[in-house]
Amino acid sequence: MSLTTLSPLGGHAAASGTKQTPSTKTTVLSLQEKKAQGTPITCLTAYDYATARLIDEAGLDLVLVGDSLAMVMQGHESTLPVTMDEMLLYTRGVRRAVHRALLVVDMPFGSYQESTQQGVANAIRFVKEAGAEAVKLEGGRSRAEVIERIVDAEIPVMGHLGLTPQSLHRMGGYKVQGKTLPALEQLMKDALALERAGCFSIVLEGVPREVAQMITAELRIPTIGIGAGPDCDGQVLVVHDLLNLTFSAPAKFVRRYADAATLIRDAVTEYRHDVEARTFPTEEESYHLPRETQAALEALHLPQRHKSLNS
Ligand code: KIV
């Protein structure tokens, strides 16, 4: 074990810092109230302890461990490769950070498509093994049965319609959905089916503003938009998009609130320069022997290796 892991001066200092007491815990019921009152619902993705903690302390309603982590954390080309075990691992870190927000976890591709039993069993794993408070899964009417059974198992389910990244190959790319009247009608039917199946909320991704607005007006449960315009009951973004940590041009619907790439790049480059120039660490940044140990050491009259080498 290193000094850093043992010492309160190391990375664990953050974990032992003052925690903001959660004032009001988000629940599926408080989200319905927000919709009823017309109060916007806030959601961001998070995949690690530090980011999740900052998001929770900033007072967002929902933290989503999205399967987008396959792309932004693992560097995959799509969300398809991420596994149940990987989602569980990331969720456990986020769980330790989130106290106030409702913690929702994405069911990864292949964890609910085979059978209803498979979906229920995997949703239970997220609650039991990682502390999830709700799960999210993609798809419309064809998912109604698995959603009903997961809700029967006492696990709140968030739906996800429109541009559903797990359907990448069927959709033929990441394309805005619901642009024709028949497509709009199908989306509306799907949204109503998900509400009937027991979803507490639905993510609407990559749909025209008008479509999101109509679905939002029709549903009793809140809609959370991403690339779906401002009329949804809430908004979600992938936190890496918001912070400029994606290494690609942002989609039209992304607003960049900070430039973490520049911040991190500059800090890391400065660190490299300081180490190479021997200006880091300084005397002030070094630990020293206690006076008695120093005196005892000097009393041993050990040859001063470095001095003799230099002389
Ligand atoms: O995986 C994810 O991050 C998501 C959001 C984009 C809603 O599903």
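Me: Two residues are in contact if their C-beta atoms, placed from the backbone, lie within 7 Å. This is a predicted model. Which residues in H8 are met by residues in H7?

Reply: Helix H7 spans residues 116-130 and helix H8 spans residues 144-152. On the H7 side, Thr 116, Gly 119, Val 120 and Ala 123 take part. Their partners in H8 are Glu 145, Val 146, Arg 149 and Ile 150.

Me: How many residues of the contact of H7 with H8 are nonpolar?

Reply: The contact of H7 with H8 includes 2 polar and 2 charged residues. The nonpolar residues in this contact number 4.

Me: How are H7 and H8 oriented to each other?

Reply: The axes of H7 and H8 are 9 Å apart, and the packing angle is about 40°. Angles under 35 degrees count as roughly parallel and 65 to 115 as roughly perpendicular, with the rest, outside those over 145, as oblique. The crossing is right-handed. H7 and H8 are therefore oblique.

Me: What is the orientation of H8 and H10 to each other?

Reply: Helix H10 covers residues 181-197, and its axis lies 8 Å from that of H8 at an angle of about 25°. This crossing is right-handed. Angles under 35 degrees fall in one class, so H8 and H10 are roughly parallel.

Me: Which residues in H10 meet H8, and how many charged residues does the contact have?

Reply: From H8, the participants are Ala 144, Ile 147 and Glu 148. They meet Ala 193, Leu 194 and Ala 197 in H10. By class, this contact has 5 nonpolar and no polar residues, and its charged count is 1.

Me: At roughly what angle do H6 and H7 cross, and how many charged residues does their contact have?

Reply: Helix H6 (residues 84-95) and H7 have axes that come within 9 Å and cross at roughly 35°, in a right-handed crossing. H6 contributes Met 84, Leu 88, Thr 91, Arg 92 and Arg 95, while H7 contributes Asn 122, Arg 125, Phe 126, Glu 129 and Ala 130. By class, the contact has 4 nonpolar and 2 polar residues, and its charged residues number 4.

Me: Which residues surround the ligand, and how many of the shell are charged?

Reply: The ligand is surrounded by Thr 45, Leu 64, Gly 66, Asp 67, Ser 68, Asp 106, Val 203, Glu 205, Ile 226, Val 236 and Val 238. The shell has 5 nonpolar and 3 polar residues, and the charged ones number 3.

Me: Which residue is joined to Phe 280 by a cis peptide bond?

Reply: Most residues other than glycine have a negative phi, and most peptide bonds are trans. At Phe 280, omega is about -5° for the cis bond to the next residue. The partner sits in the loop between helix H13 (260-276) and helix H14 (291-299). That partner is Pro 281.

Me: What is the phi of Asn 244?

Reply: Asn 244 lies in the loop between helix H12 (239-242) and H13. Asn 244 is not a glycine, yet its phi is positive, at about 60°.

Me: How far apart do the C-alpha centres of domain 1 and domain 2 lie?

Reply: Domain 1 runs over 23-242 and domain 2 over 264-310. The distance between their C-alpha centres is 51 Å.

Conventions
Residues are numbered from 1 along each chain as its sequence is written. This is a predicted model: local features need pLDDT of at least 70, side-chain atom pairs count only at pLDDT 80 or more; totals for chains, interfaces and linings use all residues. A residue is near a molecule or strand if its C-beta atom, placed from the backbone, lies within 6 Å of it. Ala, Val, Leu, Ile, Met, Phe, Trp, Tyr, Cys and Pro count as nonpolar, Asp, Glu, Lys and Arg as charged, and the others, Gly among them, as polar. Domain bounds come from an automatic or database domain assignment. Axes are lines fitted to C-alpha atoms, for helices over the stretch in contact, and angles run from 0 to 180 degrees between N-to-C directions. Helices (H or I, at least four residues) and strands (E, at least two) are DSSP runs, numbered from the N terminus. A crossing is left-handed if the near helix is turned anticlockwise from the far one by less than a right angle, and right-handed if clockwise.
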